[in-house]
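Ready to practise reading a protein model? Take a look at the sequence and structure below, then work through the exercises at your own pace.

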Amino acid sequence: MNIIRYPERSEWATLVKRPHLDVSQLNDTVSSVLADIKKRGDDAVKGYELKFDHVDLPTLAVTDEEMEEAEQLVSAELKAAIQLAHYNIKAFHEAQKFRGKKVETQPGVICWQKSVAIQKVGLYIPGGTAPLFSTVLMLATPAKIAGCEEIVLCTPPGRDGKVNPAILVAARIAGVSKIFKAGGVQAIGAMAYGTESIPKVYKIFGPGNQYVMAAKQQVSLHEVAIDMPAGPSEVCVIADEQANIEFIAADLLSQAEHGIDSQVFLITTSEQVILDVQAEVNRQLDLLPRKEIAAKSLENSRLVLVHNEQEAIDLSNAYAPEHLIIQTKNYDKLATKVINAGSVFLGTYACESAGDYASGTNHTLPTHGYATAYSGVNLDSYCRKVTFQHLTADGIRSIGHAVELMAEAEQLDAHKNAMTVRINSIK
C-alpha cells in the first residue's frame, strides 16, 4: 500500500490519477465483433458465446422452465434477502418521481414539463468472477417504476448453458421483461442493433469489463444511449483518529476484491490511523477467498496523510470517488462540503456494502473521476423530460414583439414571420 504524507496541492492532480489500462488495442477487436453482430444477428451472438463463454447455445432466450428451476435452486433465506433489498430500492426510487408544475412565465404564456419513460431499455449484468444479481435489482427496479415498456436483460451463461439462478430470481422480482444468454461485447451489440431474438433498445445500462465498456462507448456514438462512461470500481475513506480501524480495513478490502484494477483511497489527519489500517488490512487480507485479486488491487492504493479535515474533503472532491465513506466525529459537517462523489456513506456503521445491496440507494455509479459531471443511476436515468407550452392571444401580446426583434437580430426571417402572422391575426 502506498503511503503519501502531506502532499502539496500542486501534487494532487497526479495523486488522484487512477490506474490506467491501455484499451487502444482492444477497440479494433470490439469494433469487429460489433460489426459482425450487426450483420449476422443471432448466429454471430451464438458464435461468440461459443468462442468467449465456451458454451454452445441452441437458443438465446431464457425459458419459463429455466425460470422455474431457478426458483427452486435459490434458498428461501437468500430469496427473502433479495426481496428486502428490492423493497428498499423500490421505496427509495419511488420517492424520486417527477412532479411537473405549470408555470405562467408571462400573461398567456404557460410552460411545463412531463416525465416520459424510455420505452425500451437494456440491462447488462456481468456473470464472470462474481454474478452480480444485486445489479439486476439496481437497474430493473427503477426501470419498472419509471414505466419502461420493455426491460431487456443480457447476461453470460455458465458452461452448462444456464444463467446463475440468483440473477433469474432477482430479475423476476424486479420485473424484467425478457432475459437472454449473452455476455460481453456480443450482448451490447445485440441490444444496440437488435437481432432475431434480442430486441433493439434505446438505452443500455450496466457495468462490465473493459471490453464491455469499450463496446458501450462505441455503440453510443451512433446507435443507442448509455447510462454513463465507467472505469474500475473505487472507494475513498475519510477518517479521523476516532475512526474504527477494523471497519476501515474491511471497507477498503470490500472494494479491492472487485478486480485487480480497482482502487482504494484513504485520507486521514492521523499518522497512527495509517499505520493501524495498514496492519489491519494485511491481517484481514489473509482471510479472504479473493485474496490474490484484492492484493493486486492494493498495489494501486493510496493512504494519504493531510493536515486537517478541510484539506481532506478538498482532496476527496479532487478525487471525485465513486464511493465516499466519511468516518469522522463530525461527519455531518463534512457531508455538507461534498461536491464530487457518486454515493456517500456517513458515520461508523454506513459501510459501502449496505448501499451495494440493501439500503435502497443505487450502486450503479460514476467511476474514474466522472463523478465531477455524472450522477449515479436514478429514476431520471430511465426518463426523458418533454417540454410543453401553450400561448393564448394574450401570450402573443406579451412576448410576440420580443420574439420578432430577436429573430430579426439573428437574421432568421422565417422565425420572425411565424410570430408576425400571429400578431397580425389578433390586431
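Here are four exercises, each with a worked solution.

This is a predicted model, in which local features need pLDDT of at least 70 and side-chain atom pairs count only at pLDDT 80 or more, while totals for chains, interfaces and linings use all residues. Residues are numbered from 1 along each chain as its sequence is written, and side-chain values use heavy atoms, with hydrogens and water left out.

**Exercise 1. Describe the chain as a whole.**

Solution. Start with the secondary structure: the chain has 17 helices and 14 strands. Here helices (H or I, at least four residues) and strands (E, at least two) are DSSP runs, numbered from the N terminus. Next, take the dimensions: the C-alpha trace spans about 85 × 60 × 45 Å along its principal axes. Finally, look at burial: of the 427 residues, 47% are buried. Buried means under 20% relative accessible area, exposed means over 50%, and partly exposed is in between (1.4 Å probe, protein chains only).

**Exercise 2. Find out which residues of helix α7 are buried, and what covers them.**

Solution. First, locate the helix: α7 runs over residues 165-174, and seven of its 10 residues are buried. These are Ala-166, Ile-167, Leu-168, Val-169, Ala-170, Ala-171 and Ala-174. Second, look for the cover, which includes helices α4 (64-73), α5 (76-94) and α6 (133-146) as well as strands β5 (150-155) and β6 (178-181). Third, check the two ends. At the N-terminal end, Asn-164 acts as a cap, with a side-chain oxygen 2.9 Å from the backbone nitrogen of Ala-166. After the helix comes Gly-175, whose phi is positive, near 95°.

**Exercise 3. Work out the surroundings of Thr-268.**

Solution. Begin with its place: Thr-268 lies in strand β10 (residues 263-268). Then ask about burial: Thr-268 counts as buried because its relative accessibility is 1%. Now list the neighbours. Leaving out residues up to four places away in sequence, Thr-268 touches Ala-239, Asp-240, Val-273, Ile-274, Val-304, Leu-305 and Val-306; such a contact means heavy atoms within 4.5 Å. One of these neighbours deserves a further look: a polar atom of the Thr-268 side chain lies 2.8 Å from the backbone oxygen of Ala-239.

**Exercise 4. Compare two salt bridges by place and by exposure.**

Solution. Recall the background: side chains of opposite charge can pair when their charged atoms come close. A salt bridge is a side-chain nitrogen of Lys or Arg within 4 Å of a carboxyl oxygen of Asp or Glu. The whole structure holds 19 of them.

- Step one: Glu-223 and Lys-38 meet at 3.4 Å, N to O. Glu-223 sits in the loop between α9 (210-219) and β8 (225-226), and Lys-38 in helix α2 (residues 24-40), 185 residues apart. Glu-223 is partly exposed at 29%, whereas Lys-38 is exposed at 52%.
- Step two: Lys-216 pairs with Asp-227, their closest N and O atoms being 2.7 Å apart. Lys-216 belongs to helix α9 and Asp-227 to the loop between β8 and β9 (234-239), 11 residues apart. Lys-216 is buried at 2%, and Asp-227 is buried at 12%.
- Step three: look beyond pairs, and you find Glu-68, Glu-71, Lys-79 and Arg-172 linked in a network of salt bridges.

Terms used:
Polar contact = N/O pair within 3.5 Å; in protein donor to acceptor, adjacent residues only side chain to side chain.
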